[in-house]
Amino acid sequence: MRCLVIVKASPESEAGILPSTELLTAMGKFNEELAKAGVMLAGEGLHPSSKGKRIKFSGGESIVTDGPFAEAKELIAGFWIWQVRSIEEAVEWLKRSPFDGDAEVEIRPVFEPDDFGENLTPELRDQEERQRQQVAEQNAEQDQGQRK
């Protein structure tokens, strides 16, 4: 199963205070363990909400609101996408992470095609597979371009 591991924002992350070299080093080591185990599919930190925008859709219109957004605990400072056997395995991995203090992290399973049952028709499954393949090819091209 894939899961999204959501690192909640803090007042410090929302203020744009970057992690210390020590925390970055420890997180790099942890990420290396995840990658070597085949668990980590992706992972990134996010800029504070002051650099973001929200778009609300209502009545056929879209309303754009500039950040920052209130209540840091409801915001996201970073994420991983992990491939694990169960959510319990994700919890065990997370317990090994270098977080401390008041850090809060949420784990959410990612929908898989079979979760949608009959609503995901064969045509929609084919479309989704084509899109995944296209994204994989684009990512491979970007990786090649960065290595040059």
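**Notebook: a surface patch and two buried residues**

I looked first at the surface, where Ile55, Phe57 and Val64 form a nonpolar patch with about 340 Å² of accessible area together. Patch members have over 30% relative accessible area and no salt bridge, nonpolar side chains (Val, Leu, Ile, Met, Phe, Trp, Tyr) being joined within 5 Å; a salt bridge is a side-chain nitrogen of Lys or Arg within 4 Å of a carboxyl oxygen of Asp or Glu. Areas are Shrake-Rupley values with a 1.4 Å probe, only the protein chains shown counting as cover.

The model is predicted: local features need pLDDT of at least 70, side-chain atom pairs pLDDT 80 or more, while totals for chains, interfaces and linings use all residues. Residues are numbered from 1 along each chain as its sequence is written, and side-chain values use heavy atoms, without hydrogens and water.

I placed Ile55 in strand β3 (residues 53-58); strands are DSSP runs of E, at least two residues, numbered from the N terminus. Ile55 is partly exposed at 46% relative accessible area (buried is under 20%, exposed over 50%, partly exposed in between).

I then turned to Arg2, in strand β1 (residues 2-8), and found Arg2 buried at 17%. Its side chain makes a 3.0 Å polar contact with that of Glu112 (N or O atoms within 3.5 Å, one able to donate a hydrogen and the other to accept it; sequence-adjacent residues count only if both atoms are side-chain atoms). The Arg2 side chain also reaches the backbone oxygen of Phe111 at 3.4 Å.

Last, I checked Ser97, in the loop between α3 (87-95) and β6 (105-109). Ser97 is buried at 12%, and a polar atom of its side chain lies 2.8 Å from the backbone oxygen of Leu94.

Key
Patches are made of residues with over 30% relative accessible area and no salt bridge: like charges are joined within 9 Å, nonpolar side chains (Val, Leu, Ile, Met, Phe, Trp, Tyr) within 5 Å. Helices (H or I, at least four residues) and strands (E, at least two) are DSSP runs, numbered from the N terminus. Buried means under 20% relative accessible area, exposed over 50%, partly exposed in between (1.4 Å probe, protein chains only).
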